[in-house]
Amino acid sequence: MVWITVVFSCILVIMLWHFLSSIGLVFNQDSEIKNIPSIPGLPFFGNTFDTLSNPHLKYQEWCQRYGYDIFQVRIGTKRIVIVNSYDSIQKLWTENCSSNNSRPVLYTFHKVLSKNALYTIGTTPFGQSFKRKKKTIASHLNYKNLYGYNELIQRESDLAMYRLMKDLASNHCNETDLLKFFQYFHLQLSVYMTYGYQLDLDHSEKELADEIIEVENSIIKIRSHTSSNLQDYFPILRYINSQNKYKKANLLRERRQVYMDKFMRFTINQMEQKKFNEKRQMKCGTNMRNQQSFYDRNMDTSLVAHNLTNAKLSFSELQSICLTMVSAGLDNTALNLNYLMGQFSHPIKGPSLQTKAVNELLKCHGNDYWEAWCHSEEESNCNYIMALIHETLRYFTVLPTSLPRYTTRDIVLNNSVVIPQGTTLFMNAWNGNHDDKKFSHPMEFDPERYLDQEGKLISNEKGLFHFSFGAGARMCSGSKLALKEMYVIICKMLLLFEIGPPKAEEMLAELDPNKSNKFPTSSAIEPRKFLVALKPRNPLFYQGVSRHIQQTLLEDYKLKMQNK
Ligand code: HEM
């Protein structure tokens, strides 16, 4: 009798197991890829627990411990190939760029957070829609188009600097955390470039800017490759406490929708208003142009205005591009700039870095502070500043595991190993950027590594100095904008300020990105808060800049804000 019950129970368990796996509730594990070493892990969980926090460091450790440069891990049901060394990343990402040009579709992000398929370009799987979106953003952010934004970048950076000077004066304190300041600058620029919308950061819209920064930052955390999204890898978790789990994601989506709709409505209204004004002008012969601010006159160049009238895109594709423009560089650009300010503020190495940078910058502009101030947005012609930027991007590696890739064809490595179509690849950008076969003393911050003996920026045939913007077909589309923003802001910060350490030692920047990472489970490195002390480098020039901005830009800016 007992044995009948046992057999019957076994059959029931097997049937239940079969049924649950068929609906994806239990283990439906990807099979091991042949000839690629596997890192030993636990039954059922695989390597999940080892990779929840600072995964790039774990991958680096495995690379050293097992001597494999490319290996596979298993996170729950999914196999992931991790690529670690500079050479292998370059080979896989650039030489096989048409085979690894997609992104994995993940349950939480693509099916829960991004209802209505509204996700950024960086998370869009390969296909016709992706191609249309990528082409549009690439042409908006290419050198030629960005050149047209020089005047805007000049104005916005001047106004941002003026705001900083005013804040320092009104707080009667020369110590500050610059992260928000850089985020505001990027946000104001990208919102205008996207929608022709000028955020009023001095008055009513500071809260709106803070809301955008907070929501976008929280979404980045939800998007972490593994740790916060275990339900992507363990389907059964999707059914446990699902209401609560997705509440936060849904709330963020709704909050995001509010400002995205606000900006879009604004541009559509402005375009209609413009048509109406043009008709009126034709009828009455009045010229409205003189009463318009710089921002009104140039709003036609915005991405939305341009693509609403030359529509090759669907409306949801246009929204997806807008989302990318608002969110993609907001943290990345600001965090890199802030990290460099931390390097500058360091009591030992910081002063010599700054002196060299200021001298080299002035040399490019006939040793004239004003020339350097007024022309920094036109050409990024100071090699040393460019080297500083690339070293910051390399050393800090804000996205240490980059963005995941998904293979659309088989990739054959060394004529023997096949990475099959449909495999997820992670780039260990941290390891590639700190690979001592490519970068000598990789854990030293040394901008000179990017300069040749004559002090010129080392040219790299493929423009690949590091992997901080990714590589290959899905490389960052905003890299030129990010470089330009960083260049202008670094020049202006250095011309205005000597950047020093704060009084309190505990508020000094920690320069090892891994030691200061506030969120080791997130996909981006975000250092803990630190302060820098700012002192006018050249007090006469400092006063002059303040007067110049008041006289030349503030009137126009106020006109725009009054007309809003
Ligand atoms: C310092 C600032 C930035 C860093 C470090 C950065 C980094 C990255 C990285 C690592 C990727 C993934 C690349 C790959 O898979 O190979 C990426 C993708 C992307 N980035 Fe950036 N980014 C920055 C700024 C920006 C800005 C300012 C924009 C636009 C306004 C932008 C737009 C994009 C887009 C559209 C993609 C997706 C490309 C694709 O999937 O084809 N990024 N970025």
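Colleague: In which helix does T392 lie, and why is this residue called buried?

Modeller: In this predicted model, T392 lies in helix α17. Its relative accessible area is 0%, and buried means under 20%; T392 is therefore called buried.

Colleague: How far apart are T392 and Y239 in sequence and in space?

Modeller: The two residues are separated by 153 residues in sequence, and their C-alpha atoms lie 43 Å apart.

Colleague: Where is T397 found, and what is the sign of its phi?

Modeller: T397 is found in the loop between α17 (383–396) and β4 (405–406). Its phi is positive, about 45°, although T397 is not a glycine.

Colleague: Why does T397 count as buried?

Modeller: The relative accessibility of T397 is 1%. The limit for buried is under 20%, so T397 falls in that class.

Colleague: What is the phi of H172, and is this residue buried or exposed?

Modeller: H172 has a positive phi of about 50° and is not a glycine. The residue sits in the loop between α7 (150–171) and β3 (175–176). Its relative accessibility is 75%, and exposed means over 50%; H172 is therefore exposed.

Colleague: What makes C476 a donor to the iron atom of the ligand?

Modeller: The SG atom of C476 is 2.3 Å away from the iron. A donor is an N, O or S atom within 2.8 Å of such a metal, so this sulfur qualifies. C476 is the single donor from the protein.

Colleague: Where does C476 lie, and what does UniProt place there?

Modeller: C476 lies in the loop between α18 (429–433) and α19 (479–496). The UniProt record, an unreviewed entry, places the feature "binding site" at C476.

Colleague: Why is C476 called partly exposed?

Modeller: C476 has a relative accessibility of 35%. Buried requires under 20% and exposed requires over 50%, with partly exposed in between; the value for C476 therefore belongs to the middle class.

Colleague: How do you know that β8 and β9 pair?

Modeller: Two strands pair if at least two bridges are found between them. Four bridges join β8 to strand β9 (residues 532–536), so the condition is met. The two strands run antiparallel. Among the bridge partners, F497 is matched with P536 in β9, and I499 with L534 in β9.

Colleague: Why do β3 and β9 count as a pair?

Modeller: β3 and β9 share two bridges, and at least two are required; the strands therefore count as paired. Their pairing is antiparallel, and E175 stands opposite A533 in β9.

Colleague: What is the order of the three strands, and why is one side of β3 and of β8 left without a neighbour?

Modeller: The strands form an open sheet in the order β3-β9-β8, with antiparallel pairing. β3 and β8 (497–500) stand at the edges and each has a single partner strand, so one side of each has no neighbour in the sheet.

Colleague: Which residues make the nonpolar surface patch, and why does W3 count as exposed?

Modeller: W3, I4, V7, I11 and M15 make a nonpolar surface patch of about 550 Å². W3 is found in helix α1 (residues 2–22). Its relative accessibility is 62%, and exposed means over 50%; W3 therefore counts as exposed.

Methods:
Residues are numbered from 1 along each chain as its sequence is written. This is a predicted model: local features need pLDDT of at least 70, side-chain atom pairs count only at pLDDT 80 or more; totals for chains, interfaces and linings use all residues. Side-chain values use heavy atoms; hydrogens and water are left out. Patches are made of residues with over 30% relative accessible area and no salt bridge: like charges are joined within 9 Å, nonpolar side chains (Val, Leu, Ile, Met, Phe, Trp, Tyr) within 5 Å. Accessible areas come from the Shrake-Rupley method with a 1.4 Å probe; for residues, only the protein chains shown count as cover. A salt bridge is a side-chain nitrogen of Lys or Arg within 4 Å of a carboxyl oxygen of Asp or Glu. Buried means under 20% relative accessible area, exposed over 50%, partly exposed in between (1.4 Å probe, protein chains only). Donors are N, O and S atoms within 2.8 Å of the metal (3.2 Å for Na, K and Ca); water is not among the atoms, so sites may look incomplete. UniProt positions are given in the numbering used here, feature names are shortened, and annotations may be inferred rather than shown by experiment.
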